[in-house]
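Dear colleague,

I am handing over the structure we spoke about, and my notes on it follow directly below. Please read them with the coordinates open beside you.

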Protein chains: 2
Amino acid sequence: MSYKRSFLMEERLADNRQRILKAARALVAEGGFNSASIAAVASSAGLSAGAIYRYFPSKSALFVEVLTSAIDHEIAILQDIVQGEGDVTARLRACVESFANRALEGPYLAYAFIAEPADEDVDEARLLGRIRFGEVFKSLLVEGIDKGEFPAQSIDIGAACIVGAFTEALIRPITPRSKRDARAELVEGIVAFCLRAVGAKVS
Amino acid sequence: MSYKRSFLMEERLADNRQRILKAARALVAEGGFNSASIAAVASSAGLSAGAIYRYFPSKSALFVEVLTSAIDHEIAILQDIVQGEGDVTARLRACVESFANRALEGPYLAYAFIAEPADEDVDEARLLGRIRFGEVFKSLLVEGIDKGEFPAQSIDIGAACIVGAFTEALIRPITPRSKRDARAELVEGIVAFCLRAVGAKVS
DNA sequence: TTTTTTTGTGAATCGCCATTCACTTCTTGG
DNA sequence: CCAAGAAGTGAATGGCGATTCACAAAAAAA
């Protein structure tokens with residue numbers, strides 16, 4: 001009597017959902033939120049506009065998920081580095097480098113993470129993401145100070161400043177109309193700035 | 001034959017224009033771009049919506065002007081400090097303090113300067129503003145390195161990072177839903193971070 | 001004062017999308 | 001194969017707010 005989704009059906013549905021997310025991510029990545037209308041996402045995912053609403057209650061819910069999962073991924077990478085080996089200075093360096101490099105890959109996506117305005121809900125997710133990035137750096141700062149690698153300093157402010165510093169330095173090249181060469185130099189410059197800022201010994 | 005505006009008329013028109021700008025600024029300052037619809041600006045300036053278009057060709061033109069003139073003002077203040085007395089370190093400190101303090105006064109306006117997304121045109125103006133802020137810090141960095149107060153370092157990146165650092169540190173408290181106490185501490189923390197970052201001697 | 005030009009009004013238009021919905025197409029269970 | 005339920009479609013709807021426009025009020029010219 002009652003309808004029961006076959007395994008294959010379940011798969012297909014799940015797959016659709018993924019495809020929607022992926023399409024949305026890709027659109028944001030290459031053109032910012034503006035170019036990511038429901039219609040565009042739908043067609044790019046090979047579905048109709050209406051179908052999107054079988055998977056997500058609203059546009060912002062969709063993009064919150066896009067953002068959040070991208071951030072999750074990013075944070076996981078950073079966490080790995082933080083929990084890794086080496087002195088705190090080296091790990092801080094690695095975090096900044098890693099983040100910066102990835103940001104330089106997908107300009108718009110990073111831009112969207114960081115700066116592009118959108119929905120209230122999406123913005124909230126973004127803010128949360130920043131805070132989470134901040135936490136990662138906070139933990140490094142605490143450890144560094146503990147081990148005497150860094151001088152005493154305000155943890156919260158320092159963490160926010162680090163996030164802000166590389167964020168801003170990235171946004172200029174990230175921002176639409178500009179080439180990005182000298183990537184390595186840029187990243188190195190940012191790293192150096194951050195290390196000096198926290199008072200790391202090896203500059 | 002041809003119509004010629006009386007002096008009083010000219011005055012009144014100029015005054016209207018100013019009132020529109022002021023209303024727009026005020027609205028942005030207290031509620032961000034969202035709450036600054038043409039209708040709102042108009043009524044707050046004591047005019048009809050249609051009238052706005054006699055003074056500005058479009059909404060974005062209006063807001064570009066709001067933003068630009070606010071930034072001009074800000075830059076002028078910083079320039080003054082830069083051209084002032086004292087060693088470079090002290091002036092850098094003064095710049096960061098000054099900017100941060102003013103940002104903390106009018107949360108939303110600063111937020112709008114820095115982060116709130118809007119029109120393409122407005123964003124462009126914002127980007128330009130950031131670059132201009134960057135210039136100010138660049139000149140300080142150059143001077144500081146020249147005089148041996150700071151170690152050699154990448155000027156452009158350093159300047160961008162400074163702008164980014166205090167910007168981010170300010171945005172969190174600036175962002176709508178959060179109290180802001182401990183203002184002095186925050187500002188001091190940011191200053192300290194920036195000074196360490198440029199390698200200033202007195203920390 | 002009458003005429004002409006400019007300024008001001010605010011309701012109607014217009015464009016833009018997200019969201020909905022009546023309908024079609026596919027799945028499932030019999 | 002058929003009936004019932006689920007998924008998918010895409011044109012219509014609806015809301016929002018910038019922009020326009022036919023008209024009214026005010027100011028200058030005659």
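B:Arg126 sits in helix α7 of chain B, the helix that covers residues 120-146, and in this predicted model the residue has a relative accessible area of 5%, which means that B:Arg126 counts as buried. Its side chain is joined to that of B:Asp123 by a polar contact of 2.5 Å. B:Ala36 lies 90 residues away from B:Arg126 along the chain, and the two C-alpha atoms are separated by 17 Å.

Two further residues of chain B may be read alongside this one. B:Ser98 belongs to helix α5, residues 88-105, and its relative accessibility of 15% is under the 20% limit, so B:Ser98 is also classed as buried. Once neighbours within four places in sequence are set aside, B:Ser98 is in contact with B:Ile77, B:Leu78 and B:Ile81. B:Asp72, in helix α4 (residues 59-82) of chain B, has a relative accessible area of 34% and is therefore partly exposed. Although B:Asp72 and B:Gly129 are 57 residues apart in sequence, their C-alpha atoms are 8.4 Å apart in space.

Turning to the fold of chain A, the model has nine helices and zero strands there, so that the order of elements from the N terminus on reads α-α-α-α-α-α-α-α-α. Chain A has 203 residues, of which 49% count as buried. Among the contacts in chain A with a separation of 6 or more, 67% are between residues 24 or more positions apart.

The nonpolar core comes next. In soluble globular proteins, nonpolar side chains tend to be buried together. Here the largest nonpolar core contains 126 residues, and the members that touch the most other members are A:Leu62, A:Phe63 and A:Ile190 together with B:Leu62, B:Phe63 and B:Ile190. If residues up to four places away in sequence are not counted, B:Ile190 touches A:Ile157 and A:Cys161 in chain A, and B:Val96, B:Phe166, B:Ala169 and B:Leu170 in chain B.

For the DNA, I looked at strand C. It is surrounded by 23 residues, the closest of which are A:Ser6, A:Tyr53, A:Lys59, B:Arg5 and B:Ser48. By class, the surface near DNA strand C is made up of ten nonpolar, eight polar and five charged residues. Of the strand C atoms that lie within 4 Å of the protein, 71% belong to sugar or phosphate, while the rest belong to bases.

Which parts of the strand do individual side chains of chain B approach? A polar side-chain atom of B:Arg12 lies 3.5 Å from a phosphate oxygen of DNA strand C, and an N or O atom in the side chain of B:Tyr55 is 3.0 Å from a phosphate oxygen of the strand, whereas B:Arg54 has a side-chain N or O atom 3.1 Å from a base nitrogen. The elements that give two or more residues to the surface near DNA strand C are α3 (49-55) of chain A and, in chain B, α1 (7-31) and α3 (49-55). The most is given by α3(B), with four residues.

Finally, the salt bridges. Side chains of opposite charge can pair when their charged atoms come close. Over all chains the count comes to 24 salt bridges, and I describe some of those in chain A here. A:Arg5 and A:Glu10 form one, with the closest N and O atoms 3.4 Å apart; A:Arg5 is partly exposed at 45% relative accessibility, and A:Glu10 is partly exposed at 40%.

A salt bridge also links the side chains of A:Glu135 and A:Lys138, with an N to O distance of 3.7 Å. Both residues lie in helix α7 (residues 120-146) of chain A, three residues apart, about one turn of the helix. A:Glu135 has a relative accessible area of 39% and A:Lys138 one of 22%, so each falls between the limits of 20% and 50% and is classed as partly exposed.

A:Lys147 forms a salt bridge with A:Glu143, in which the closest N and O atoms are 2.8 Å apart, and together with A:Arg91 these residues are linked in a network of salt bridges. With a relative accessibility of 53%, A:Lys147 lies over the 50% limit and therefore counts as exposed.

With best regards

Terms used. Residues are numbered from 1 along each chain as its sequence is written. Chains are lettered from A and ligands numbered from 1 in the order in which they are written. This is a predicted model: local features need pLDDT of at least 70, side-chain atom pairs count only at pLDDT 80 or more; totals for chains, interfaces and linings use all residues. Side-chain values use heavy atoms; hydrogens and water are left out. A nonpolar core is a set of buried Ala, Val, Leu, Ile, Met, Phe, Trp, Tyr and Cys residues joined through side-chain atoms within 4.5 Å. Buried means under 20% relative accessible area, exposed over 50%, partly exposed in between (1.4 Å probe, protein chains only). Contact means heavy atoms within 4.5 Å. A residue is near a molecule or strand if one of its heavy atoms lies within 4 Å of it. A polar contact is a pair of N or O atoms within 3.5 Å; within protein, one must be able to donate a hydrogen and the other to accept it, and residues adjacent in sequence count only if both atoms are side-chain atoms. Ala, Val, Leu, Ile, Met, Phe, Trp, Tyr, Cys and Pro count as nonpolar, Asp, Glu, Lys and Arg as charged, and the others, Gly among them, as polar. A salt bridge is a side-chain nitrogen of Lys or Arg within 4 Å of a carboxyl oxygen of Asp or Glu.
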